[in-house]
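User: I should like to go through this model and ask what justifies each term applied to it. Please set each value against its definition.

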Amino acid sequence: MAAISRDEVAHLARLSRLAVTEQELDTFAGQLDVILQAVARVGEVAAADIPPTSHSVPLTNVLREDVVINCLTREEALAGAPDVEDDRFRVPRILDEEA
Amino acid sequence: MSDLTRMTAAELAGTIAKGDASAEEVTRAHLDRIAAVDGKVHAFLHVDADGAINAARKVDAKRAAGDELGPLAGVPVAVKDVLTTRGVPTTAGSKILEGWRPPYDSTVVERLRDAGTVILGKTNMDEFAMGSSTEYSAYGPTNNPWDLGRIPGGSGGGSAAAIAAYEAPLAIGTDTGGSIRQPGAVTGTVGSKPTYGGTSRYGLIAFSSSLDTPGPCARTVLDAALLHEVMAGHDWRDSTSIPQAVPPVVEAARLGMTGDLTGVKLGVVTEFNGEGAEPGVLAAFHDALAALTKLGAEVVEVSAPHFQYALPAYYLIAPSECSSNLARFDGVRFGLRVGDDGNRSLEEVMSLTREAGFGPEVKRRIMLGTYALSSGYYDAYYGQAQKVRTLITQDFNAAFEQVDVLVSPTTPFVAFPFGSRTSDPYQMYLADLFTIPTNLYGGPGISVPCGLSEGLPVGFQIMAPTMADDRMYRVAAALESAVGTLTPPSLEG
């Protein structure tokens with residue numbers, strides 16, 4: 001049985017903000033199914049009482065000294081942006097104006 | 001002056017310090033070499049000739065003024081294109097960052113500059129460091145100097161190929177699941193992944209933040225150790241950077257070069273024995289074990305029962321972190337924007353941009369990670385993988401109570417022909433079968449050449465406890481003293 005359907009992959013692509021083509025959906029559905037069936041092997045391990053590891057370095061609350069340091073200038077920060085207006089990042093519309 | 005490109009980094013530093021050659025001459029020799037052979041190898045995505053010459057001249061001026069020079073002053077180095085370089089194009093092998101010039105240097109690059117090394121340019125890689133062959137680079141693959149029809153490993157195939165082809169004596173790589181060690185193995189060079197947190201991730205374009213580790217690539221173990229010392233150490237700008245002194249890796253490499261391993265215990269992992277590895281790779285590995293035994297090392301078999309689940313756990317954890325990290329490529333602050341016609345919404349433009357800017361492997365991993373993190377699947381996939389990660393760490397801790405280091409082949413197979421593993425992505429993942437456990441544990445691992453199989457290099461991997469990087473350099477240098485270094489066929493003519 002397939003671990004993941006073509007419709008589920010289409011849903012994942014939407015969540016991932018990837019405007020994939022129909023042909024890509026066919027390819028990815030098959031490939032992701034193979035990968036998911038292989039990685040599902042982690043479920044064979046009895047680990048109910050095992051704490052999870054998110055990170056190998058046991059450091060917490062790492063903060064720097066609370067002093068003013070140099071940071072990027074506005075020009076530097078905006079220099080790589082695809083579109084800039086009035087010294088700000090310009091983005092396409094976020095809200096539907098007809099709504 | 002072409003013999004300058006054949007020298008080790010240690011020799012070049014000595015040559016420059018004595019005044020037998022200037023840093024500029026050394027740099028020009030390597031730029032000439034790049035011009036002569038990179039058309040065949042394609043190790044570089046960007047060569048910064050002007051920046052390199054300027055950096056070299058600064059070293060020469062310092063020497064002329066009688067200032068003290070660092071141990072690698074004037075030595076050229078190639079940098080994987082996933083580390084930011086101020087004002088110099090940085091793409092991470094992706095179309096989505098084509099033309100981007102970062103406004104800041106990564107910590108690793110800053111330390112390279114402070115040490116007086118000369119940055120030659122940026123090396124090719126699988127897109128966002130996801131892959132084992134450079135075939136997923138958006139700018140075309142790098143060709144292995146040993147056989148131009150075969151892969152140089154990945155993701156850091158450009159860095160490994162650059163040093164194998166004598167285009168640079170040193171290079172920087174990054175290792176998330178084997179991206180320094182596996183390219184080292186298949187190009188006959190040394191590739192070292194330091195302890196996670198031992199080298200800074202600041203300015204390293206993130207793939208999997210709990211695993212990504214910058215490290216050195218070189219043609220000798222001593223050179224790798226010298227570069228390791230220059231690039232490593234605590235960095236307040238990386239919250240996972242370990243606030244401890246750098247392990248004495250150069251001293252350990254020099255100790256290993258004496259060829260004495262009396263009293264050193266090497267652990268061979270039972271669960272790695274033979275599984276999935278080519279016969280020629282296993283033969284070279286066992287020959288190397290015999291050579292190490294002759295140097296006085298004791299070989300012990302140790303069990304690590306959860307290592308067999310490392311690959312599945314990794315391919316849940318790394319894609320999960322990747323799906324989150326790569327959300328920053330939204331067509332707003334840097335890089336590509338596609339489809340912004342004044343009518344489309346931000347979300348539509350974002351989706352079109354990411355579709356156009358990302359290649360197939362990156363898309364697969366983003367979707368895989370999105371799946372593993374989604375409600376309903378989180379506990380069974382990502383949560384369970386994190387628990388398996390704990391068990392793998394416990395396996396390492398138990399093993400290191402019995403032995404000083406663990407050893408294995410670096411990768412199950414020698415350099416494979418282009419196109420042989422791209423249609424089935426999981427076949428590509430198997431290249432990192434032996435390197436991934438160390439990443440999940442967070443300890444250091446190094447690949448050192450140990451011989452040939454079918455005329456192609458085989459790598460020997462040494463894994464050490466966290467922050468005991470020096471141990472693996474000692475064993476690696478001893479092995480190198482016994483089996484020698486490898487020289488690829490000539491690229492001329």
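Analyst: In this predicted model, 55 residues of chain A are in contact with 66 residues of chain B, contact meaning heavy atoms within 4.5 Å. Local features need pLDDT of at least 70 and side-chain atom pairs count only at pLDDT 80 or more, whereas totals for chains, interfaces and linings use all residues; side-chain values use heavy atoms, with hydrogens and water left out. Residues are numbered from 1 along each chain as its sequence is written, and chains are lettered from A in the order in which they are written.

User: What area do chain A and chain B bury between them?

Analyst: The two chains bury about 5100 Å², 67% of it on carbon and sulfur atoms. Buried area is the accessible area (1.4 Å probe) that two parts lose on being put together, summed over both.

User: What makes B:Asp340 and A:Arg90 a salt bridge?

Analyst: The term requires a side-chain nitrogen of Lys or Arg within 4 Å of a carboxyl oxygen of Asp or Glu. The closest N and O atoms of B:Asp340 and A:Arg90 are 2.8 Å apart, so the pair satisfies the rule. Both residues belong to a salt-bridge network with A:Asp83 and B:Arg337. Across the interface of chain A and chain B the rule finds 5 salt bridges.

User: Which helices of chain A each supply at least two residues of the side that touches chain B?

Analyst: They are α1 (6–15) and α2 (22–39), helices being DSSP runs of H or I of at least four residues, numbered from the N terminus. The largest share of that side, 9 residues, comes from α2(A).

User: Why is the pair B:Lys122 and B:Asp81 said to tie together separate parts of chain B?

Analyst: B:Lys122 forms a salt bridge with B:Asp81, with 3.1 Å between the closest N and O atoms. B:Lys122 lies in strand β3 (residues 118–123) and B:Asp81 in the loop between β2 (76–80) and α4 (107–114), so the pair joins parts 41 residues apart in sequence. A strand is a DSSP run of E of at least two residues.

User: How do you know whether B:Asp235 and B:Arg237 are buried or exposed?

Analyst: Buried means under 20% relative accessible area, exposed over 50%, and partly exposed in between (1.4 Å probe, protein chains only). B:Asp235, at 3%, is therefore buried, whereas B:Arg237, at 27%, is partly exposed. Their side chains meet in a salt bridge at 3.5 Å, N to O.
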